[in-house]
Amino acid sequence: MTNSAASDGPVCRGIEILARLTAELDAAGVDYCHWKSNAFVKEVAWGEGDLDLLVPAQSATAFSGVATKLGFKSFVASPCRAYPGIVDHLGFDQTTGVLVHLHVYHRLVTGETHLKGYELPWDSLMLSTRRRDPNSGLYVLDPDLEMVVFLVREALKLRTRDRLRHLRTPYWRGRRLAEYEWLRERARPEGVEDMGLRVLPPRVAQTLRGMSERMPSVAEVARLRRAVAAALAVHRRYGPLGAIWQAWMREICWAWGGLDRRLLRRPVPHTRVPASGGALVAFVGSDGSGKSAVVRTVEKWLSRKAAVYTVYFGSGEGPASLLRWPLRMALRVLRSDRRTATPAREGGGESERGWQVIARAVWALVLAYEKRGKLRRAWQAKDRGMVVLCDRYPQNRVPGHMDGPLLSRWTEHRWRFLRFLARWERIPYDRAATRPPDAVIHLVVSPEVASGRKPGMDPADIVRRTNSAHVVAHAAGAQVFTVDADAGLDEVVAEVKRAVWSVI
């Protein structure tokens with residue numbers, strides 16, 4: 001069903017990946033239409049929102065082929081967010097670093113939040129009357145039909161709690177009010193009625209015309225809901241009890257997911273995961289390379305669209321277990337001795353006092369116990385499809401620092417108990433070596449820049465840590481991306497985004 005205007009008008013005026021997508025779809029003869037919220041379609045074309053594209057089911061394979069060709073990747077929503085007939089594709093725009101999210105509707109489902117209990121049989125009409133938006137270049141709905149769709153969607157979304165909340169206030173506010181006003185400026189009342197007659201009974205079509213001319217009250221929207229629900233009864237996806245059950249279960253799941261992400265931080269995906277499976281990316285580099293800042297920025301960028309799990313494997317001021325909190329003071333004391341935890345001390349330790357030896361052992365064992373738990377959760381997150389971002393990663397090649405074991409010098413000690421402690425401490429580091437990351441982002445920083453970012457560091461220590469970071473990065477057995485961390489944060493993050501996206 002290719003519209004005769006398919007080759008007319010401008011291509012998408014927006015970010016590059018969308019311009020290429022629309023051009024390829026037109027060339028392949030794949031029909032599509034941005035079917036809702038076209039008041040904001042110009043912003044969407046520039047990556048400032050999600051695209052809601054209607055694509056007929058018979059074109060699903062062709063659309064997926066075009067999207068894959070351009071670097072879009074399929075993502076799978078969590079069960080409480082997934083709906084049959086809606087597919088998620090994410091694309092990365094190399095120029096702007098924006099993640100483009102395509103909600104592809106092969107079935108026109110809508111309804112209450114957390115339910116979408118109706119499938120509208122209007123896709124053929126939408127595609128046959130679509131038009132090219134002059135501002136974005138995307139195909140959009142005819143304004144008259146879009147007003148019908150908007151009013152019907154808003155009516156089907158109405159819940160009892162909404163009616164109670166808006167008894168004395170306008171029902172539409174913010175973006176929904178802006179969308180309604182935008183449509184009212186473009187839709188013709190007689191055109192709204194005509195489009196309504198093509199999909200709904202005459203009485204409902206007349207009601208839609210009146211509501212397109214003046215803003216309705218919440219009571220009028222409720223009456224429209226009853227009329228539309230009766231007209232679309234055969235298109236309901238659930239029975240009355242089933243709809244209530246599904247809506248409540250999905251809403252509880254949604255609320256629990258928000259709580260889990262913010263407070264509990266379990267390795268459980270509550271949004272979307274790559275259809276190809278999870279990925280674990282480790283960030284390594286010497287002090288002053290900006291690992292933590294880069295990880296935070298990349299997490300914020302990616303977690304808006306996908307399920308991300310971050311793990312801090314360092315021994316510094318990052319997130320720590322309850323066992324390690326009281327030991328941080330001991331670490332500050334030990335740091336007063338600059339020789340502590342350096343390769344020069346690996347074979348000795350004669351000058352350490354008894355209490356320092358005990359403090360070091362307790363610290364190392366608690367840290368190893370903590371790393372065991374963090375490794376387990378990181379691997380669980382990856383196995384469940386999440387993208388795992390690791391600030392550092394345990395390694396057993398460079399003992400004493402760079403997130404390596406601290407008690408290696410005791411492995412040959414004459415006391416059996418100390419040898420046992422050294423072997424027990426080494427377990428998580430050896431386990432990490434057997435399951436390396438999918439990718440390692442090696443942030444390389446010069447000693448001059450590192451010392452500027454971390455004043456007070458010993459220049460010789462900076463060089464040693466830089467060399468050790470190189471060994472750690474290339475000994476992991478993973479794909480290594482070397483990034484010049486001397487550059488500004490924006491430039492570094494842009495390069496890191498490209499690397500992370502390539503392994504998802």
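**Close-up 1. Strand S11 and its partners in the parallel sheet.** Strand S11 and strand S13 (residues 387-391) pair in the parallel sense, with 5 bridges between them. We are looking at a predicted model here. Phenylalanine 283 is a handy residue to start from: its bridge partner in S13 is aspartate 391, and in S14 it stands opposite isoleucine 441. The pairing of S11 with S14 is also parallel and runs over 4 bridges. Which way do the side chains of S11 point? Ala279, Val281 and Phe283 point one way, Leu280, Ala282 and Val284 point the other way, and all are buried. With 6 of its 6 residues buried, S11 is therefore largely enclosed by the rest of the structure.

**Close-up 2. The whole sheet, from edge to edge.** Stepping back a little, you can follow 5 strands of an open sheet in the order S12-S13-S11-S14-S15, with parallel pairing. Strand S12 (308-312) and strand S15 (479-484) are the edge strands, each pairing on one side only. On average, neighbouring strands of this sheet are turned by 20 degrees against each other, direction ignored. Towards the S15 edge, strand S14 (residues 439-444) pairs with S15 in the parallel sense over 6 bridges. Here valine 444 stands opposite aspartate 484 of S15.

**Close-up 3. Two helices against the sheet.** Helix H17 (residues 459-475) lies across strand S11 (279-284), S14 and S15, and runs at about 165 degrees to S14. Helix H18 (residues 489-503) packs on the sheet as well, where it touches S11, S14 and S15. The direction of H18 makes about 170 degrees with that of S15.

**Close-up 4. The largest nonpolar core.** Which residues touch the most other members of this core? They are Trp122, Met126, Leu151 and Leu208, out of 44 residues in the core. Helices H4 (123-128), H5 (143-157), H7 (174-186), H8 (189-197), H9 (202-213) and H10 (218-231) are the elements that give two or more residues to it. H5 provides the largest share, with 9 residues. Zooming in on methionine 126, and leaving aside its neighbours within four places in sequence, you will find it in contact with Trp35, Leu54, Leu108, Leu141, Leu145 and Val149. Another core, of 33 residues, lies apart from this one and includes Leu99, Phe481, Ala485 and Ala499.

**Close-up 5. The two sides of helix H3.** Helix H3 (residues 60-69) has Phe63, Val66 and Ala67 as its buried residues. These cover an arc of only 100 degrees around the axis, so they sit on the same side of H3. What do the buried residues of H3 pack against? Their neighbours are helix H1 (16-28), strand S2 (51-54), strand S4 (86-92) and strand S5 (99-105). Turn to the face away from the buried side and you meet the exposed residues Thr61 and Lys69. Just after H3, glycine 71 takes a positive phi of about 95 degrees.

**Close-up 6. Glutamate 370 in helix H14.** Our last stop is glutamate 370, found in helix H14 (residues 354-383). Is glutamate 370 buried or exposed? Its relative accessibility is 5%, and because buried means under 20%, glutamate 370 counts as buried. Leaving aside neighbours within four places in sequence, glutamate 370 is in contact with Gly314, Pro319, Ala320, Ser321 and Arg324.

Notes:
Residues numbered from 1 in each chain as written. Predicted model: local features only at pLDDT ≥ 70, side-chain atom pairs only at ≥ 80, totals over all residues. Heavy atoms only, no water. Pairing = 2+ DSSP bridges. Axes fitted to C-alpha atoms, helices over the stretch in contact; angles between N-to-C directions. Contact = heavy atoms within 4.5 Å. Core = buried A, V, L, I, M, F, W, Y, C linked by side-chain atoms within 4.5 Å. Buried < 20%, exposed > 50% of the residue type's maximum accessible area, 1.4 Å probe, protein only. Arc of directions from axis to C-beta.
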